[in-house]
Amino acid sequence: PLGVFTLTRCAADLLEAHGSEALKKQYLPKLRSAEWMGTMALSEPQAGSSLSSIHTLATPCGEDSLGEYRIRGNKMWTSGAFHDLSGNIIHMLLARTPGAPPGAAGISLFLVPNILADGSDNDCEVISLNRKMGHKALSNCAWNLGERTGGAVGYLVGNHNKGLQCMFGMMNAMRIEVGLAAACLGKRGYQESLLYAQDRHQGGRPIIEYPDVKRMLLLQKAFSEGAYALCIHAAVLHDRAK
């Protein structure tokens, strides 16, 4: 499904913009080639759009070159988090560190792989698939970190307590991509309606010749092409802001 590749590209952009050289060397090439897939893990069961309320905790572990942490908590509404389309899935995840300020000012960004560098499974476990609107081929789930061991392995991306500012780049890009997908579905709906109106006969002539059918088709065309134009405009603004 298109959604996993869109998420992967946006996750790679986020890592390239804010990750350490060591992290980029290890993870970026396979994200760029889509050998590995990426996600964004923000919401939690008690914190949907209110990210200042997240509880997931990341505790520093050693002084390795990647900036390793042990992460415990729960994530919700994560698209593309667990599937068999790739050999590994890389989560760009928001969490707090011990002693971080309350609210949005205390959120940091971490890279959490499903499969670790030595080939072993990270302590990430899917709880359930969510039923929600959206692309049916794109899985969406609730999942836990650190339920089996002392915590899932994760790596700091960017500076402490600046995670939300970093994540806004991926969030804004994904908003454009989701809007573009909706605009494309609308355009496909218009095209199917147009073909049907050309082939369907009523009263001895194609129904596209009736004024009210023409009006409805033109309304569909205006909405779908207007939505597409809005997405392109938003993408231009996003690129200029980089």
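This report walks through the fold, the helix packing and a few single residues of one chain.

**Overall layout**

The model is predicted. The chain has 242 residues, and 41% of them count as buried. Its C-alpha atoms fill a box of roughly 80 × 35 × 35 Å along the principal axes. Four helices and ten strands make up the secondary structure. Along the sequence they come in the order α-α-β-β-β-β-β-β-β-β-α-β-β-α. The pattern therefore opens with two helices and ends on a helix.

**How the helices pack**

Three helix pairs are described here. The table gives the angle, the axis distance and the hand of each crossing.

| Pair | Angle | Axis distance | Crossing |
|---|---|---|---|
| H1 and H2 | about 155° | 9 Å | left-handed |
| H1 and H3 | roughly 155° | within 9 Å | right-handed |
| H3 and H4 | about 160° | 9 Å | left-handed |

Start at the N-terminal pair. Helix H1 covers residues 2-18, and helix H2 covers residues 21-32. Their axes pack at about 155°. An angle over 145° counts as roughly antiparallel, so H1 and H2 are roughly antiparallel to each other.

H1 also meets H3. The two axes cross at roughly 155° and come within 9 Å. That makes H1 roughly antiparallel to H3 as well. Here the crossing is right-handed, whereas H1 and H2 cross in a left-handed way.

The last pair joins H3 (residues 163-199) and H4 (residues 211-241). Their axes lie 9 Å apart, at an angle of about 160°. H3 and H4 are therefore roughly antiparallel. What kinds of residues form the contact of H3 with H4? By class, there are 14 nonpolar, nine polar and three charged residues.

**A closer look at H3**

H3 takes part in two of the pairs above: with H1 and with H4. How does the span of H3 compare with what its 37 residues should give? At 1.5 Å a residue, H3 should span 54 Å. The C-alpha atoms at its ends are 54 Å apart, so the two values agree. H3 still has a bend, of about 25°, at Gly169.

Cys184 also sits in H3. Is Cys184 buried or partly exposed? Its relative accessibility is 42%, so Cys184 counts as partly exposed. Cys184 and Ser224 are 40 residues apart in sequence. In space, their C-alpha atoms are 7.4 Å apart. Ser224 falls within the residue range of H4, 211-241.

**Two residues with positive phi**

Most residues other than glycine have a negative phi. Two residues here depart from that pattern.

Ala34 has a positive phi of about 65°, although it is not a glycine. Where is Ala34 found? Ala34 is in the loop between H2 and strand S1, which covers residues 37-41. With 25% relative accessibility, Ala34 counts as partly exposed. The cut-off for buried is under 20%, so Ala34 does not count as buried.

Trp77 also has a positive phi, near 60°, and Trp77 is not a glycine either. Ala34 lies in a loop, but Trp77 lies in strand S3, residues 68-79. The relative accessible area of Trp77 is 42%, so Trp77 too is partly exposed.

**In brief**

The chain combines four helices with ten strands. H1 is roughly antiparallel to H2, and H3 is roughly antiparallel to H4. H3 bends at Gly169 and carries the partly exposed Cys184.

Notes
Residues are numbered from 1 along each chain as its sequence is written. This is a predicted model: local features need pLDDT of at least 70, side-chain atom pairs count only at pLDDT 80 or more; totals for chains, interfaces and linings use all residues. Side-chain values use heavy atoms; hydrogens and water are left out. Axes are lines fitted to C-alpha atoms, for helices over the stretch in contact, and angles run from 0 to 180 degrees between N-to-C directions. Angles under 35 degrees count as roughly parallel, over 145 as roughly antiparallel, 65 to 115 as roughly perpendicular and the rest as oblique. A crossing is left-handed if the near helix is turned anticlockwise from the far one by less than a right angle, and right-handed if clockwise. Ala, Val, Leu, Ile, Met, Phe, Trp, Tyr, Cys and Pro count as nonpolar, Asp, Glu, Lys and Arg as charged, and the others, Gly among them, as polar. The expected span of a helix is 1.5 Å times one less than its number of residues. The bend at a residue is the angle between axes fitted to the seven residues ending there and the seven starting there. Buried means under 20% relative accessible area, exposed over 50%, partly exposed in between (1.4 Å probe, protein chains only).
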